[in-house]
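Please take a moment to look over the sequence and the fold before reading on. The paragraphs below are meant to be read with both at hand.

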Amino acid sequence: MSTCPFCGFTGKLTAEHVFGNWLSRIGLDLEPIAHGAGPLNRVGQDLGVRPPFRQTVRVCGGCNNGWMSRIEAVAARVLTPFILGEAGQIAAEDAGAVAAWVQKTALTAMLVSSETQRSAGYGLPQSEYRGLSNARNEMQPLSASHFWVGRYTGESRFASTWVTPLTVTASELPEPDRPQGYAMTLVLGQLLLHGVRFTTPSLQVEVTTRQELPQLWPPAERVVWSSGMPVDDEAFLGFAAGKDLRSMERHIEVRPWRPATELPESRTVDGMVELPTACGKHVVYYPAGLVDEALRGRFYAFGTACDCGTAYLVQTEPDGAHCKAANSVDVISELYEGLPGKEVVLEDQHGVFPCKRLPEPSEH
């Protein structure tokens with residue numbers, strides 16, 4: 001017996017598409033593409049290569065064929081021209097259902113992660129799912145929510161869903177120890193949809209976007225697409241992380257919850273990943289192929305050292321490469337030799353790179 005994450009029904013569940021199946025019938029490119037979920041911090045989940053708009057999760061038939069189907073129908077009718085790049089308007093009477101569809105899609109996308117990952121914090125509170133289901137007859141998003149529409153002019157997103165935890169804090173005060181809301185970002189073709197939900201309603205503030213995107217919800221008389229500054233690939237990651245939100249109240253900030261977004265940035269340089277070291281002054285490098293291996297559930301350990309002379313033991317994990325120890329070269333070498341696993345040597349134009357393939361839990 002399984003439980004519907006939205007309404008709590010216990011019994012046989014059905015397949016609900018993360019992105020509605022109608023998207024496969026409106027003229028978008030349907031060539032197989034790589035699918036992923038996350039990022040779970042910096043390393044996402046590899047979901048394989050297949051035609052788009054096929055990813056599903058499990059919900060009950062009552063939700064799937066009832067309120068979800070009704071808001072999908074409104075979204076298909078209203079948003080199809082914008083996805084294909086045609087200018088137009090959104091009527092005020094459609095705004096609630098479209099905003100509810102954005103929220104439903106974001107919540108559904110989070111269910112791609114495993115139950116274990118969600119219970120460890122990579123997910124949204126169960127109350128968000130139940131709340132949206134309880135308001136199913138209202139055809140509008142949860143209270144304390146704001147939504148905008150814009151144009152995406154990049155090339156690498158095609159169909160993406162991002163959810164980022166947010167905090168609300170007074171200027172100069174320490175950041176709260178837990179998020180009080182989340183940002184939702186959807187990209188479909190040329191259409192960009194962005195929303196904020198304050199999960200602590202008493203902390204709701206008026207917000208806008210740096211791009212001055214037209215507001216979808218709460219509804220205005222009409223929404224004109226596309227106005228405001230477009231978002232390209234260079235600006236997208238910061239935008240999806242909620243970094244372009246602007247509070248309309250003095251001395252109050254709405255910003256990404258740092259533990260979810262402010263990890264040390266890694267970047268790929270000529271086939272190698274540049275990793276900041278614990279000293280805060282230097283970087284080390286490892287083959288980008290280890291990132292591809294991590295996406296497939298295969299993890300490695302290696303020793304390296306920075307210009308300080310400090311050596312590090314590094315392991316790749318589902319949420320990125322982690323420094324497990326920092327010490328002298330001799331100590332790190334001893335720790336490395338004591339790790340289980342088979343040593344392999346990677347060779348490329350940069351030379352040889354020894355590392356250990358760590359055993360999977362079932363291999364211990």
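What follows goes from the nonpolar cores to a pair of helices and then to a sheet.

It should be kept in mind throughout that this is a predicted model. In soluble globular proteins, nonpolar side chains tend to be buried together, and the cores are therefore a reasonable place to begin. The largest nonpolar core here has 54 residues, and those with the most contacts inside it are F6, L79, I83, W101 and L216. Helix 3 supplies the largest share of this core, namely 11 residues. To see how one of the well-connected members is surrounded, the reader may turn to I83: leaving aside residues up to four places away in sequence, I83 touches W22, L23, I26 and L28, and also L188, G189, Q190 and L191. There is also a second core, separate from the largest one, which has 20 residues and includes Y152, L166, F236 and F239.

Helix 3, already met as a contributor to the largest core, also packs against another helix. Two packed helices are described by the angle between their axes and the distance between the axes. For helix 3, which spans residues 92–110, and helix 5, which spans residues 126–134, the axes come within 11 Å and cross at roughly 140°, and the crossing is left-handed. On the side of helix 3 the contact is made by A100, Q103, K104, L107 and M110, which meet E128, Y129 and L132 in helix 5. Sorted by class, the residues of this contact are five nonpolar, one polar and two charged.

The sheet lies further along the sequence, and it is an open one in which five strands follow the order 22-21-20-24-23 with antiparallel pairing. Its edges are strand 22 (320–327) and strand 23 (342–348), each of which pairs on one side only. On average, neighbouring strands of the sheet are turned by 30° against each other, if direction is ignored.

Strand 20, the middle one in that order, can be followed to both of its neighbours. Towards strand 21 (residues 311–317), strand 20 is joined by five bridges, the two strands running antiparallel, and T304 stands opposite Y312 in strand 21. These two strands form a hairpin with five residues between them, and in the turn G309 has a positive phi of about 95°. Towards strand 24 (residues 351–357), strand 20 (residues 300–305) pairs in the antiparallel sense over two bridges, and here A301 stands opposite K356.

Key
Residues are numbered from 1 along each chain as its sequence is written. This is a predicted model: local features need pLDDT of at least 70, side-chain atom pairs count only at pLDDT 80 or more; totals for chains, interfaces and linings use all residues. Side-chain values use heavy atoms; hydrogens and water are left out. Axes are lines fitted to C-alpha atoms, for helices over the stretch in contact, and angles run from 0 to 180 degrees between N-to-C directions. Helices (H or I, at least four residues) and strands (E, at least two) are DSSP runs, numbered from the N terminus. A crossing is left-handed if the near helix is turned anticlockwise from the far one by less than a right angle, and right-handed if clockwise. Contact means heavy atoms within 4.5 Å. Ala, Val, Leu, Ile, Met, Phe, Trp, Tyr, Cys and Pro count as nonpolar, Asp, Glu, Lys and Arg as charged, and the others, Gly among them, as polar. Two strands pair if DSSP finds at least two bridges between them. A nonpolar core is a set of buried Ala, Val, Leu, Ile, Met, Phe, Trp, Tyr and Cys residues joined through side-chain atoms within 4.5 Å. Buried means under 20% relative accessible area, exposed over 50%, partly exposed in between (1.4 Å probe, protein chains only).
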